[in-house]
Amino acid sequence: MTAPSTTPPASPAGTPWRDRKRYAWLLGLAVPTLPFQAAGLVAGSGWQVLWWWGPFFAFVLIPLLDALIGPDQENPPEEAIPLLEEDRYYRWCTYLYLPLQYAGLVYACLLWSDGMSVPDALGLAATVGVVAGVAINTAHELGHKRETVERRLARLALAQSAYGHFYVEHNHGHHIRVATREDPASSRLGESLWAFLPRTVVGSVRSAWHLEARRLNRRKKRTWSLRNDVLMAWGLTVLVFATLTAAFGPVVLPYLAVQAACGILLLETVNYLEHYGLLRERRPDGRYERVAPRHSWNSNNTTSNIFLYQLQRHSDHHANPLRRYQTLRHFDEAPQLPSGYASMIVLAWVTPLWRRVMDPKVLAHYDGAARRANLHHRRASRYGAQEAPSHGG
C-alpha cells in the first residue's frame, strides 16, 4: 500500500474543488476505538454503566448530532469524480479501520478474561458489537472494489461478526435481486423487523452457499474445498475465535458470540430499512426492471453518513456498486428516510412506531396503491389489498 495523498482533487479543467468533508471521514475511526473509549470513561468516572458506551454513542449521540448538523445534499461535480476516485487518502480511511477494530477486540478479550462482572461484560460486548456492525459496513465498502487487497481486507473485517458469507451473498445475490420478493435482504411492507430477521439470516446463508456452489460447479471444482469462499470465510472466523480463546481462555467465548450477534443485528436492521416495501416491477419479457433510485431509501444526514461511508446514499451505490463512497451522489427522485440510519435502526426495533412512520411513506411513494409495493402477503388486507402483487414473484 502507498501512503494516502493529501492533495485536494481538482477538475481536469483546472478549477479546484475541495471536499468539505475530506478530513471529517477520519471521524469514522472513532468507532473501532469504542472499547478503549468505554474503558477510559469508566476509569475516569467510576460509572460502570459506561461499559455500554457503544450503544449510547451509536443510538443517542449520533442521532443528536444528525439533528443538530442536519443534511448535506452536495454532490461532487462530475469533472472532479475521477480524481476523487483515485485519491488514496479515502481508501486509507477504510483500511485503518481494521487494525483498530482488532486491537479493540483483543483489548475486550483481555478485559473479559480479567474477571469483569456479567452486566459489565455484556455492556462491553454490546460496545464491541457496534464496532463489529460498522466493520461489516467497512467490509461492504471494501468488498465491492476490484483491488485484491481490498477484497481480502473485506473478508478479514467480516470475520469478527462470523458473517463472512455476506461477501458472496451481497455482491452476487442482493445486488441482482434487490427490491424483489426473491431477495432475502429486501423487507416487505407490513413485515416487522423481528419477522424479517430469521428470513434474511437463513435466506442469506442459503443464497450464499447456492451461489458459491454454482460458481464452483461452473469451474468444475468441488464445493467442499479450499476454493469455497463461504467455507474460507467461516474458517477465518473459527481461526480468530480459536486464537482468542487460546490466548484468553474459554471465558471470552460467550462474549464473542454476543458481540457477533450484535453486529449481525445491526447489519440486518440496516438491510431491513434500506429497501422496506420497495419493489421493482417485471417487464413484459419477464425480467425485472433495472434498479433505479426509487428502489432504495436514502438519507443525507451528515453525521451518520460520515460514520457509515455514505451508505445512506444507497441508490447511487446500487446503480454504481464500484463507485467509492466519497463520490456517491444524492438523487432528488430517491425516497428519503425521515432521519439517518442511527435513528431509524432504533425505530425499526419498535414495530408499532416503525409502521406508524414508514408505512404511510411507502404508500405515498406508490400513490396509495399497496399492490405496487413489495407487500407482505399476510398483511395484505391491512393495506386494502387482497394478496401480494403477482409481479413481485
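W25 is buried, because its relative accessibility is 1% and the cut-off for burial is under 20%. This value, like those that follow, comes from a predicted model. Y325 also has a relative accessibility of 1%, so Y325 counts as buried. The two residues belong to the aromatic pairs of the structure, of which a search of the whole model finds 18. The ring centres of W25 and Y325 lie 5.1 Å apart, and the ring planes meet at 80 degrees, so the pair is edge-to-face. The contact joins distant parts of the chain. W25 is in the segment before α1 (34-45), whereas Y325 is in the loop between α13 (314-319) and α14. The two are 300 residues apart.

W25 and Y325 are also members of one aromatic cluster. Y23, Y89, Y90 and Y309 complete that cluster. One of these rings, Y89, has a charge over it. The charged end of R22 sits there, 4.4 Å from the ring centre.

A further aromatic pair is formed by F36 and Y107. Its ring centres are 4.8 Å apart and its planes are at 20 degrees, so this pair is stacked. F36 is in helix α1, and Y107 is in helix α5 (residues 97-112). These residues are 71 apart and link distant parts of the chain. F36 has a relative accessible area of 35%, so F36 is partly exposed. Y107 is partly exposed as well, because its relative accessibility is 25%.

The overall fold is helical in its assigned elements. The protein has 15 helices and zero strands. Its radius of gyration is 21 Å, close to the 21 Å given by the globule rule for 393 residues, so the protein is as compact as a globular protein of that length. The C-alpha trace spans about 60 × 55 × 50 Å along its principal axes. Of the 393 residues, 57% are buried.

Enclosed space was examined next. The whole structure holds six cavities of 30 Å³ or more. The largest cavity contains about 340 Å³ of space. Several helices contribute two or more residues to its lining: α2 (53-69), α6 (118-143), α8 (166-177), α11 (253-274), α12 (302-307) and α14 (341-349). The largest share, six residues, comes from α6. In total, 26 residues line this cavity. G133, V134, V270, L308 and I345 lie nearest its centre. By class, the lining has 18 nonpolar, seven polar and one charged residues.

The second largest cavity contains about 80 Å³ of space. W25 returns here as a lining residue. The other lining residues are W17, D19, K21, E74, N75, P76, Q310, R313, Q326 and L328. Four residues of this lining are nonpolar, three are polar and four are charged.

Open space is described by the largest pocket, with a volume of about 200 Å³. The elements that give two or more residues to the pocket lining are α7, α8 and α9. Helix α9 supplies the largest share, five residues. The lining consists of R151, R155, Y167, V168, N171, H172, L211, E212, R214, R215, R218 and D229. Seven of these residues are charged, three are nonpolar and two are polar. Two of the lining residues, R155 and Y167, also contact each other as charge and ring. R155 lies over the face of Y167, at 4.2 Å from the ring centre.

The backbone was examined last. Most residues other than glycine have a negative phi. A162 is not a glycine, yet its phi is positive, at about 60 degrees. A162 is in the loop between α7 (148-159) and α8. Its relative accessibility is 28%, so A162 counts as partly exposed. K220, another residue other than glycine, also has a positive phi, near 60 degrees. K220 lies in the loop between α9 (193-218) and α10 (229-248). K220 is exposed, because its relative accessible area is 76% and the cut-off for exposure is over 50%.

Definitions and conventions:
Residues are numbered from 1 along each chain as its sequence is written. This is a predicted model: local features need pLDDT of at least 70, side-chain atom pairs count only at pLDDT 80 or more; totals for chains, interfaces and linings use all residues. Side-chain values use heavy atoms; hydrogens and water are left out. On a 1 Å grid over the protein atoms alone, a cavity is a set of points where a 1.4 Å probe fits but cannot get out, and a pocket is an open set with protein on both sides within 12 Å along at least five of seven lines; lining residues have an atom within 4 Å of a point. Grid points are joined across faces, edges and corners, and a volume is the space filled by probe spheres set on the points. Helices (H or I, at least four residues) and strands (E, at least two) are DSSP runs, numbered from the N terminus. Ala, Val, Leu, Ile, Met, Phe, Trp, Tyr, Cys and Pro count as nonpolar, Asp, Glu, Lys and Arg as charged, and the others, Gly among them, as polar. Rings of Phe, Tyr and Trp (its six-membered ring) pair if their centres lie within 6.5 Å; planes under 30 degrees apart count as stacked, over 60 as edge-to-face and the rest as tilted. Buried means under 20% relative accessible area, exposed over 50%, partly exposed in between (1.4 Å probe, protein chains only). A charge sits over a ring if NZ of Lys or CZ of Arg is within 6 Å of the ring centre and within 35 degrees of the ring normal. The radius of gyration is taken over C-alpha atoms; the globule rule is 2.2 Å times the number of residues to the power 0.38.
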